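Me: Please put the sequence and the structure in front of us, and then let us work through them slowly, one question at a time.

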Amino acid sequence: MRGDLGRETKPLVQGHAAGSPSPNSMLRILLSAQASAARLSGPLLLPPVQPFCVGPSKWGDLPPGGAPHAAPGQGLQRLLEQARSPGELLRWLGQNPTKVRAHHYPVALRRLGQLLGSQPRPPPVEQATLQDLSQLIIRNCPSFDVHTIHACLHLAVLLGFPSDGPLVCALERERRSRLPPKPPPPLQPVLRGGQRLEAALSCPHFLRHPQQHLIRSLAEARPEELTPHVMVLLAQHLARHRLREPRLLEAIAHFLVVQEGQLNSKAVQKLVLPFGRLNYFPLEQQFVPCLERILAREAGVAPLATVNILMSLCQLQCLPFRALHFVFSPGFINHISGTPHALIVRRYLSLLDTAVELELPGYRGPRLPRRLQVPIFPQPLITDRARCKYSHKDIVAEGLRQLLGEERYRQDLTVPPGYCTDFLLCVSSSGAVLPVRTQDPFLPYPPRSCPQGQAASQPNTRHAAQRVVLTLRERWHFCRDGRVLLGSRALRERHLGLMGYQLLPLPFEELESQRGLPQLKSYLRRKLQALGLRWGPEGG
């Protein structure tokens with residue numbers, strides 16, 4: 001842009017503050033952008049106006065016969081395009097009120113920009129000229145199309161017209177009048193207690209304060225409004241988000257006892273899921289007897305639901321002998337063979353058999369045959385694999401590699417009967433960490449030499465070397481906002497301990513407080529030395 005754009009500081013519009021860029025300068029900057037499109041972009045650019053005589057348009061049609069002729073509007077457009085000064089441009093607009101159409105204003109603004117941008121030192125635009133132009137726009141803006149309204153509104157703002165002045169207010173009023181009307185908000189149905197609870201569980205913003213909403217909805221609901229569907233939604237929500245809320249869990253337990261006769265095993269397996277997952281044993285005294293009666297009634301109808309219920313009770317260390325007799329019977333095992341869920345049922349039965357072996361020395365009933373047993377958890381749990389990028393496992397592995405050497409630990413080793421360990425060390429009776437390749441890393445399973453199914457409390461002494469398992473306790477291994485391990489993690493650690501493995505937990509709070517690998521190595525050294533372990537010089 002040529003010329004001194006910042007020289008003119010005298011306010012040209014009523015109410016324009018002295019010392020700010022002059023409207024004359026702003027007008028030149030805005031309108032000359034048509035000659036240099038690189039200076040402005042977006043909705044402020046006024047597109048070139050097509051000649052009126054090109055063909056049919058929104059402003060006029062060809063006359064009969066198809067030959068165009070010079071209409072009155074076209075003549076005015078030509079006069080505006082050939083104006084030699086801003087004053088002459090304004091005169092053509094003011095002296096031809098019957099010929100001015102809405103599309104003439106973009107033409108005039110475009111020509112005004114050309115006039116101001118084509119002279120090295122253009123004359124200032126008089127205040128009266130801008131005021132007259134303002135009055136013309138205000139008087140005629142009801143006939144403007146949306147594009148013209150937006151162009152004039154942007155121009156007025158950039159020229160410094162006050163936002164509460166008549167020009168801007170008139171244009172803004174017209175702009176708003178062209179907006180499509182907002183549809184009325186849908187009528188919200190009146191929801192009762194149970195319906196409010198179901199709606200709350202389906203709300204995407206519910207996770208912010210889940211317990212408060214649930215407790216309020218539950219308190220307002222009448223007993224007959226708490227349907228099995230609503231309570232199943234509640235149970236699934238608690239389990240999915242690791243919410244160990246005692247009042248809600250007790251409400252589910254009480255509902256299960258009260259509605260025992262109306263519930264089948266497929267609904268019951270969903271209702272008891274949060275108790276096992278959240279490692280919560282309810283205070284409701286009839287909880288376990290109720291489940292035993294349901295299992296006795298429904299066990300042969302839904303095999304997968306039956307073992308799911310037993311899995312939840314297994315995590316709570318409460319396995320009913322009568323149900324175990326049934327699921328380990330040849331008839332039940334033959335019944336599930338060949339079904340689509342046969343493998344998952346065998347895996348659950350293998351875990352139940354392990355629980356019987358380790359936790360129920362008084363059990364004398366049938367067991368799962370060895371030929372049908374499969375590894376319980378042969379790989380890291382799904383939650384660990386999904387959150388592997390947030391896990392501390394890689395940095396702990398590197399710390400152990402530099403501290404002990406690669407040959408003195410094993411990572412992600414699955415030990416019989418199928419539990420995956422984070423890190424396993426072989427330790428001599430004197431406390432020396434041994435190379436794993438020189439040792440059998442597995443302790444024998446079953447951990448006693450007596451026949452299967454017989455109780456024995458004597459520790460196994462066939463392997464003098466200890467097996468130390470470093471187990472990561474990540475944030476997602478706990479119930480939310482608490483220090484209670486999830487049921488599956490607690491079961492895994494409990495069974496590893498009963499099989500003879502010495503556990504060394506590494507809590508996530510301690511791991512997160514270590515800043516860098518040197519601090520982590522010092523932390524691991526203190527942890528191992530606290531167990532009386534010793535090793536040679538650092539490897540790696």
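**Charged pairs**

Me: Is Glu174 buried or exposed, and what is its relative accessible area?
Reply: A residue counts as buried under 20% relative accessible area, as exposed over 50%, and as partly exposed in between, with a 1.4 Å probe and protein chains only. This is a predicted model, in which local features need pLDDT of at least 70 and side-chain atom pairs count only at pLDDT 80 or more, whereas totals for chains, interfaces and linings use all residues. Residues are numbered from 1 along each chain as its sequence is written, and side-chain values use heavy atoms, with hydrogens and water left out. Glu174 is therefore buried, because its relative accessible area is 16%.

Me: Which residue forms a salt bridge with Glu174?
Reply: Side chains of opposite charge can pair when their charged atoms come close. The term salt bridge is used for a side-chain nitrogen of Lys or Arg within 4 Å of a carboxyl oxygen of Asp or Glu. The partner of Glu174 is partly exposed, at a relative accessible area of 30%, and with the closest N and O atoms 3.2 Å apart, the residue that pairs with Glu174 is Arg178.

Me: How many residues apart are Arg367 and Asp353?
Reply: The side chains of Arg367 and Asp353 meet in a salt bridge, at 2.7 Å from N to O. This pair links distant parts of the chain, for Arg367 is in the loop between helix H17 (342-359) and helix H18 (382-386), while Asp353 is in helix H17; helices (H or I, at least four residues) and strands (E, at least two) are DSSP runs, numbered from the N terminus. Arg367 counts as buried at 14% relative accessibility, and Asp353 counts as buried at 2%. Along the sequence, the two residues are apart by 14 residues.

Me: Which residues are linked with Lys393 in a network of salt bridges?
Reply: A salt bridge joins the side chains of Asp412 and Lys393, at 2.7 Å from N to O. Asp412 lies in the loop between strand S1 (410-411) and strand S2 (414-415) and Lys393 lies in helix H19, so this pair ties together parts that are 19 residues apart in sequence. Asp412 is partly exposed, with a relative accessible area of 33%, whereas Lys393 is buried at 15%. The residues linked with Lys393 in the network are Asp412, Asp422 and Arg492.

**A strand and its neighbours**

Me: Which residue in S6 is the bridge partner of Leu424?
Reply: S4 is mostly covered, since five of its five residues are buried; Phe423, Leu425 and Val427 point one way from the strand, and Leu424 and Cys426 point the other way. Two strands pair if DSSP finds at least two bridges between them, and S4 and S6 pair in the antiparallel sense over five bridges. In S6, the partner of Leu424 is Val469.

Me: Which residue in the hairpin of S4 and S5 takes a positive phi near 100 degrees?
Reply: S4 and strand S5 (residues 433-434) pair in the antiparallel sense over two bridges, and the bridge partner of Val427 in S5 is Val433. Five residues lie between the strands of this hairpin, and the residue with the positive phi is Gly431.

**A helix with a buried side**

Me: How wide an arc do the buried residues of H22 cover around the axis?
Reply: In H22, the buried residues are Leu520, Lys521, Tyr523, Leu524 and Leu528. They are on the same side of H22, because the arc that they cover around the axis is only 160 degrees. The arc is that of the directions from the helix axis to the C-beta atoms, and the face turned away from the buried side carries the exposed residues Pro518 and Ala530. The arc of the buried residues is thus 160 degrees.

**One buried side chain**

Me: How far apart in space are Phe332 and Pro303, C-alpha to C-alpha?
Reply: Phe332 lies in helix H16 (residues 330-336) and is buried, with a relative accessible area of 4%. Contact means heavy atoms within 4.5 Å, and, not counting residues up to four places away in sequence, Phe332 touches several residues, including Ala299, Pro303 and Leu349. Although Phe332 and Pro303 are 29 residues apart in sequence, their C-alpha distance in space is 8.0 Å.
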